[in-house]
Amino acid sequence: MPYTAAKPSIAPTSEELRARIPGWGADLDPKDRPAVPKERFDPNLSGAHWDFPERQPEKWPRERSVEHAFLTPVFGTACPPTGISGAIRRYAYTYSEGRAAHWLLLLLGDRVDAVENHLRSFLTLHPDNPITETGVLSEFTHHGLASRRGTKRADRVHQPLDPIVVAGPWVLAGGAAYLVGRAIVRSVRR
């Protein structure tokens, strides 16, 4: 009995439990256990012809966490880190993965990469078009407002903020471009 001075009873033996509970201890003998062959370690069962897989060659210095001694044998090469965002991402890997700074720097690198790509698109013949790429026009042509009324959508709370989040950076960039242009025009006139 817990919390009393009386000594607790001794746990029943396996034989007593087997006699009292039907089927108790059926898997005590390893010969009766269905998973026993799987539990035996046999290095020849895997079918692998190597102890450590052949390493993928590095075409540029890859980011590597400080927790790991070396890169994994195979890693992604689709998006090499470039520009300011690449420098931020490389710097993030000087911190441990257990620190918030590591992950916050990676998030910052992603945001800087998005800005870099927006700016890079202005140098091409097909710059980003926020009106068509964000789906704003479908709000007017595909019953956008009607789909938001009278329903229990989870995203209703942040719907008033969506135009600010989507259009805000473009409005700020346009305002900054206007101010820079106005300053240039004024300096030329003087």
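A salt bridge is a side-chain nitrogen of Lys or Arg within 4 Å of a carboxyl oxygen of Asp or Glu. With that idea in hand, the predicted model can be read from the whole chain down to a single network of charged side chains, in which R89, D110 and D113 are linked by salt bridges.

The overall picture comes first. The secondary structure of the chain amounts to 7 helices and 0 strands, and the order of elements from the N terminus on is therefore easy to remember, α-α-α-α-α-α-α. The chain has 190 residues, and 12% of them count as buried. About 16,100 Å² of the chain is exposed, with carbon and sulfur atoms supplying 64% of that area. Contacts across the sequence can be described too: among those between residues at least 6 apart, 29% join residues at least 24 apart.

Charged pairs come next. A search of the whole structure finds 2 salt bridges. One of them pairs R89 with D110, and the closest N and O atoms lie 2.6 Å apart. This pair links distant parts of the chain, since R89 sits in helix α3 (residues 83-92) and D110 in helix α4 (residues 100-121), with their positions 21 residues apart in sequence. A salt bridge also forms between the side chains of R89 and D113, at 3.8 Å from N to O. Here R89 belongs to helix α3 and D113 to helix α4, so the pair ties together parts that are 24 residues apart in sequence.

How buried or exposed are the members of this network? The relative accessible area of R89 is 18%, so R89 counts as buried, because buried means under 20%. D110, at 37% relative accessibility, is partly exposed, and so is D113, at 23%. Both values fall between the cut-offs of 20% for buried and 50% for exposed, which means that neither aspartate belongs to either of those classes.

The surroundings of R89 fill in the scene. Leaving aside residues up to four places away in sequence, R89 touches L106, G109, D110 and D113. Another residue of helix α3 is S85. Which residues does S85 touch, not counting residues up to four places away in sequence? The list for S85 is G109, V112, D113 and E116. G109 and D113 thus appear beside R89 and beside S85. S85 has a relative accessible area of 1%, so S85 is buried.

A quite separate part of the story concerns the surface. There, R182, R186, R189 and R190 gather in a patch of positive charge. R190 lies in the segment after α7, the helix that spans residues 162-189. Is R190 buried or exposed? The relative accessibility of R190 is 80%, so R190 counts as exposed, because exposed means over 50%.

Taken together, arginine turns up in two settings in this model. R89 is buried and is part of a network of salt bridges with D110 and D113, whereas R190 is exposed and shares a positive surface patch with R182, R186 and R189.

How values were computed: Residues numbered from 1 in each chain as written. Predicted model: local features only at pLDDT ≥ 70, side-chain atom pairs only at ≥ 80, totals over all residues. Heavy atoms only, no water. Patch = residues over 30% accessible without salt bridge, like charges linked within 9 Å, V, L, I, M, F, W, Y side chains within 5 Å. Areas by Shrake-Rupley, 256 points an atom, 1.4 Å probe, with all protein chains shown as cover. Lys, Arg positive; Asp, Glu negative; His and termini not counted. Charge placed at Lys NZ, Arg CZ, Asp CG, Glu CD. Helix = DSSP H or I, 4+ residues; strand = E, 2+ residues; numbered from the N terminus. Buried < 20%, exposed > 50% of the residue type's maximum accessible area, 1.4 Å probe, protein only. Contact = heavy atoms within 4.5 Å.
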